[in-house]
Amino acid sequence: MTRPRRALLYVPGDARRKIEKAASLNADSVCLDLEDGVALNRKAEARATVAAALPALSFGRAERLVRLNPIGSGLEADDLAAALAAAPDALVIPKVESAEQLQWVSSRLPTGSPLRLLAMIETARGLVNLNAIAAADPRLDALIFGAEDYAASVGATRTPEGREVLYARSAVVAYAAVFGLQAIDMVFVDFRDGEGL
């Protein structure tokens with residue numbers, strides 16, 4: 001049975017104090033970020049921080065996730081090694097554009113590992129390859145729609161109404177339903193807007 005993921009709380013992987021706070025918040029899922037939340041010159045520090053923090057802290061009932069850098073970025077192998085050392089519950093794979101990217105990760109996991117995968121759909125190429133991505137690997141639990149990067153990939157300007165991402169957002173939901181996956185919606189960045197959230 002797939003665990004509930006009503007909200008994913010993303011935390012920069014190089015910020016131990018923020019990780020400690022996130023661990024205490026009782027969120028469904030806490031995602032320690034090695035990708036967009038970390039500057040390029042701090043990637044190694046983030047890997048070390050995540051590898052030390054995950055086994056040391058109690059996250060209560062929260063699922064412990066690690067978001068890698070994109071497969072093909074040149075950072076993914078070191079990210080994966082650090083994540084595996086920390087023993088998270090699942091990995092978030094950003095900017096997935098092909099089934100092979102998920103299979104690359106899955107093929108490098110220890111035999112019998114219970115680790116789950118969540119794929120972020122953030123580009124036009126990822127959207128048109130949803131059928132193959134959603135069927136790529138039995139470890140895949142969820143599709144996450146990344147509206148900001150998707151809009152950039154198609155040259156759209158983001159608006160509060162979100163009509164420019166409606167088609168893609170709907171497609172992610174439809175493919176998730178067909179393949180028995182969770183559909184996780186886009187990041188909500190204006191945390192001060194309680195009504196919008």
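**Reasoning about a predicted protein chain**

This predicted model has eight helices and seven strands in its protein chain.

Me: Why is the protein chain called as compact as a globular protein of its length?
Reply: The globule rule gives 16 Å for 197 residues, and the radius of gyration of the protein chain is 16 Å, close to that value, so the chain is as compact as a globular protein of that length. Along the principal axes, its C-alpha atoms fill a box of roughly 40 × 40 × 35 Å.

Me: What makes a residue count as buried, and what percentage of the 197 residues do so?
Reply: A residue is buried when its relative accessible area is under 20%. In the protein chain, 48% of the 197 residues count as buried.

Me: What makes a set of residues a nonpolar core, and which residues have the most contacts inside the largest one?
Reply: Such a core consists of buried residues of nonpolar kinds, including Ala, Val and Leu, joined through side-chain atoms within 4.5 Å. The largest has 51 residues, and L91 and L143 have the most contacts inside it. Apart from it lies another core of 10 residues, among them L65, A90, V92 and I184.

Me: How do you know that L143 touches I121?
Reply: Contact requires heavy atoms within 4.5 Å. With residues up to four places away in sequence not counted, L143 touches I121, and its other partners include A119, L130, V172 and Y175.

Me: What percentage of the contacts with a separation of 6 or more joins residues 24 or more positions apart?
Reply: Such residues account for 68% of those contacts in the protein chain.

Methods. Residues are numbered from 1 along each chain as its sequence is written. This is a predicted model: local features need pLDDT of at least 70, side-chain atom pairs count only at pLDDT 80 or more; totals for chains, interfaces and linings use all residues. Side-chain values use heavy atoms; hydrogens and water are left out. Helices (H or I, at least four residues) and strands (E, at least two) are DSSP runs, numbered from the N terminus. The radius of gyration is taken over C-alpha atoms; the globule rule is 2.2 Å times the number of residues to the power 0.38. Buried means under 20% relative accessible area, exposed over 50%, partly exposed in between (1.4 Å probe, protein chains only).
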